[in-house]
Amino acid sequence: MPKETIAVAMSGGVDSSVVAGLLHREGYDCVGLTMQLWNQRRLPELATEQATGRCCSLDDVYDARAVANFVGIPYYVVNFEDRFEQHVVKPFVEEYLAGRTPIPCTLCNNFIKFDQFLEMADGVGAHKIATGHYARIRYDEASGRWQLLRSADATKDQTYFLFGLTQSQLSRTMFPLGGMLKPQVRELAMGLGLPVAEKPDSQEICFVPNGDYAAFIDAYSREQGISRERKPGQVVTPEGEVLGEHSGVHHFTVGQRKGIEVKRQKPEPLYLIETNPATRQVVVGSNAELLRAELEVGQINWISIAEPTAAIRAEVRIRNRHTPAWATLTPRERGVAVRFDVPQRAVTPGQAAVFYEGDLVLGGGWIV
Amino acid sequence: MAPGNASSIHRFGQEAKQRMELARRQVAMAVGAKPDQVIFTGGGTEANNLAIFGSLRPGKRHVITTAVEHPAVLSPAREVEATVVPVDGQGLVDPDEIRRAIRPDTALISVMSVNNELGTIQPVGEVLAIAREHGVPVHTDAVQALGKTAVPAADFVTVSAHKVYGPQGVGALVARMPVSKVTFGGHHERDRRPGTENVAGIVGFGAACADLTAPEASLRDRLEELILERIPRTRVNGRGAPRVGNTTNVLFEGIEGEPLVIGLDLKGFAVSSGAACSSGAVEPSHVLTAIGLSREDARSCLRFSLGRGNTEEQVVALVEALEPVVARLRKLSPAYA
């Protein structure tokens with residue numbers, strides 16, 4: 001019996017290539033699609049010698065096409081540049097300039113990959129989409145809900161970026177790598193004979209070369225005519241003592257230690273505690289002053305459970321690399337108030353807070 | 001036996017030369033020119049570049065062209081000083097606009113014969129008459145005209161083999177006036193285009209030119225009629241202008257052309273939308289925005305090109321495949337209420 005048609009989101013990397021190879025082998029009718037998200041030639045001042053290996057480079061499209069041809073599935077490149085700019089790049093830059101630290105990968109998942117890409121899949125006649133994300137999806141009969149779970153490979157888990165998935169999106173998405181360890185995926189790539197089996201993993205935010213956000217934001221603002229005049233401000237202590245000057249709030253991320261220049265040295269290392277775009281001040285202090293027990297989370301998407309009406313206990317992750325910590329979540333009019341049992345370091349507005357119960361992703365939202 | 005080099009003195013070379021010269025006569029006859037006016041090139045793009053850069057003279061470095069040209073004209077034109085003349089809603093250029101753009105330093109006017117996306121036939125004859133008054137040479141990219149309609153007798157004419165069922169990667173510039181070479185090497189093609197000739201390609205081009213049959217518009221008209229009748233909110237772009245018989249460009253309001261092209265390809269129908277960029281993704285067509293379509297509407301257009309061997313049954317099957325895909329996409333599209 002012919003199985004469903006699956007649109008495989010192919011980046012040209014090992015993971016999504018293995019997805020295509022696996023699903024094809026299992027007898028699914030696959031269509032490979034690569035989203036052209038960003039034109040790397042657009043901000044030429046960012047070009048470096050390491051121009052390869054970035055998203056949407058011609059090399060990646062070449063690789064994805066080679067894999068699709070090798071596997072024997074139809075393949076197309078679809079143009080998402082306008083949508084990506086509108087829903088990911090622009091908000092990313094605006095948030096950054098406003099002194100917050102946004103997560104473009106989550107925006108991309110929410111507004112591009114599991115929204116418009118799903119629509120594109122619908123359009124070409126596919127029933128479901130499959131991606132190379134490390135996460136698991138299952139249907140829970142008891143609650144009648146689709147659940148999102150952490151991947152088997154704890155080091156690769158991407159659920160932090162996937163908390164925005166709705167029930168309908170989860171019902172039409174496959175993460176075939178969620179139950180595997182990365183070395184297994186590499187082995188599978190070898191076993192399938194995929195031409196990208198030895199390609200290195202991508203690391204950084206795809207459209208920002210070499211992870212240099214500040215350079216990207218400067219270049220993009222210049223192109224868009226967004227005022228990028230240096231807006232220097234003061235570096236202050238929590239008590240308001242002025243320690244020095246900085247060249248613009250978008251150069252800073254909560255928790256960072258390097259790159260803070262002060263005229264008067266303090267005896268202990270200084271960390272960035274908060275940025276205040278309105279006064280253009282950045283507040284620095286000791287490591288202890290970075291700790292916070294309470295935070296507010298808004299725009300919450302509940303995944304594996306219905307929206308709670310009373311306080312619940314959950315493990316909360318506030319950064320991708322953060323080890324989830326126990327907290328009590330109390331419903332508020334908008335969102336929840338999170339109170340950690342043990343204060344956590346560098347709570348950063350604009351980052352996501354994702355709620356877990358073991359492997360189960362309960363939901364998540366944005367730190368206010 | 002390996003083919004000889006057409007520039008060689010020996011008999012192998014002479015034989016290759018003879019075959020190439022037969023092809024030159026065949027191409028010349030197809031465009032109504034003299035054989036020695038035919039310069040074989042590596043395709044239409046190279047011929048356009050040769051016409052534009054090869055027409056520049058000291059003190060004459062200005063080029064006039066239109067907003068709906070192929071990138072093979074627009075890109076080289078942007079490398080020199082160019083005036084890009086707009087077109088009307090049907091994709092036609094107003095010859096008076098060309099007249100107004102002429103300057104003392106104008107080296108060349110380049111107006112395509114037939115638009116590749118719309119199939120509309122430009123008034124190149126009128127442009128020629130105006131240019132004659134001002135003593136400015138005229139180039140026409142006739143890649144889409146050859147074999148479909150009369151090729152204008154412009155001073156420079158670009159043609160390409162693969163649009164007339166010949167091989168890919170070979171074309172010609174017909175030069176009725178002297179043209180300066182733009183690449184440098186040997187003295188091939190009467191010292192106008194150096195480099196060993198692509199004899200096999202050229203011979204194929206000649207054979208294709210000896211076997212031209214203009215497409216009947218009736219099949220295309222049937223396709224348009226079926227689409228307009230069976231699929232609501234559709235419109236044919238450029239329908240009010242004279243057109244060649246094989247091409248139609250249809251706007252499907254409120255949907256994206258890209259999934260439509262993919263959905264049709266998966267069903268065995270090869271159609272196109274917009275312009276392919278280097279990755280293979282589709283960019284909104286500059287031709288469609290030039291005739292006044294919004295970026296969104298430009299994304300909602302499909303181009304259908306019919307060719308030899310297409311039948312009425314295939315046209316009917318195409319519309320039958322199209323109907324449900326369009327319906328499905330419209331159901332998905334928030335823009336379509």
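Mentor: Welcome! Helices and strands here are DSSP runs, numbered from the N terminus, with at least four residues for a helix and at least two for a strand. Keep in mind that this is a predicted model.

Trainee: Thanks! Between which strands of chain B does the loop with Ala153(B) lie?

Mentor: Ala153(B) belongs to a loop of chain B, and one C-alpha separation helps to place it: His139(B), 14 residues away along the chain, is 9.4 Å from it. The loop that holds Ala153(B) links strand S5 (138–141) and strand S6 (156–160).

Trainee: Is Ala153(B) buried, partly exposed or exposed?

Mentor: Count the C-beta neighbours inside 10 Å: Ala153(B) has 16. Burial needs 20 or more, and 12 or fewer would make a residue exposed. With its 16 neighbours, Ala153(B) is therefore partly exposed.

Trainee: Let's turn to the sheet in chain B. Which strands of the open sheet S8-S9-S12 stand at the edges?

Mentor: The 3 strands of this open sheet pair in antiparallel fashion, and on average neighbouring strands are turned by 25° against each other, direction ignored. An edge strand has a single partner, so one of its sides lacks a neighbour in the sheet. In chain B that applies to strand S8 (234–236) and strand S12 (301–305).

Trainee: How many bridges join S9(B) to S12(B)?

Mentor: On one side, strand S9 (residues 247–252) is joined to S8(B) by 3 bridges, with Val250(B) as the partner of Val236(B). Towards S12(B), Asn249(B) has Arg303(B) as its bridge partner. These two strands also run antiparallel, and the number of bridges joining S9(B) to S12(B) is 5.

Trainee: How many of the 6 residues of S9(B) are buried?

Mentor: Look at both directions in which its residues point. Thr247(B), Asn249(B) and Leu251(B) point one way, while Thr248(B), Val250(B) and Phe252(B) point the other way, and all are buried. S9(B) is thus largely enclosed by the rest of the structure, because the buried count is 6 of the 6.

Trainee: Now the helices. At roughly what angle do the axes of H2(B) and H3(B) cross?

Mentor: The crossing is right-handed. Residues making the contact include Ile52(B) and Phe53(B) of H2(B) and Val73(B) and Pro76(B) of H3(B), and by class the contact has 6 nonpolar, 4 polar and no charged residues. The axes of helix H2 (residues 44–53) and helix H3 (residues 71–79) come within 9 Å, and they cross at roughly 35°.

Trainee: Which helix supplies the largest share of the largest nonpolar core?

Mentor: This core holds 203 residues, and Val8(A), Ala20(A), Leu33(A) and Val174(B) touch the most other members. Leaving aside neighbours within four places in sequence, Val174(B) has contacts that include Val31(B), Phe156(B) and Val159(B). The largest share of the core is 9 residues, and the helix that supplies them is H4 (residues 104–124) of chain A.

Trainee: Last one: which element gives the largest share of the side of chain B that touches chain A?

Mentor: Here 14 residues of chain B are in contact with 15 residues of chain A. Helix H9 (257–266), strand S11 (282–283) and helix H12 (312–332) of chain B each supply at least two residues to that side, which has 7 nonpolar, 4 polar and 3 charged residues. The largest share is 5 residues, and they come from H9(B).

Terms used
Residues are numbered from 1 along each chain as its sequence is written. Chains are lettered from A and ligands numbered from 1 in the order in which they are written. This is a predicted model: local features need pLDDT of at least 70, side-chain atom pairs count only at pLDDT 80 or more; totals for chains, interfaces and linings use all residues. Two residues are in contact if their C-beta atoms, placed from the backbone, lie within 7 Å. Ala, Val, Leu, Ile, Met, Phe, Trp, Tyr, Cys and Pro count as nonpolar, Asp, Glu, Lys and Arg as charged, and the others, Gly among them, as polar. Axes are lines fitted to C-alpha atoms, for helices over the stretch in contact, and angles run from 0 to 180 degrees between N-to-C directions. A crossing is left-handed if the near helix is turned anticlockwise from the far one by less than a right angle, and right-handed if clockwise. A nonpolar core is a set of buried Ala, Val, Leu, Ile, Met, Phe, Trp, Tyr and Cys residues joined through C-beta atoms within 7 Å. Two strands pair if DSSP finds at least two bridges between them.
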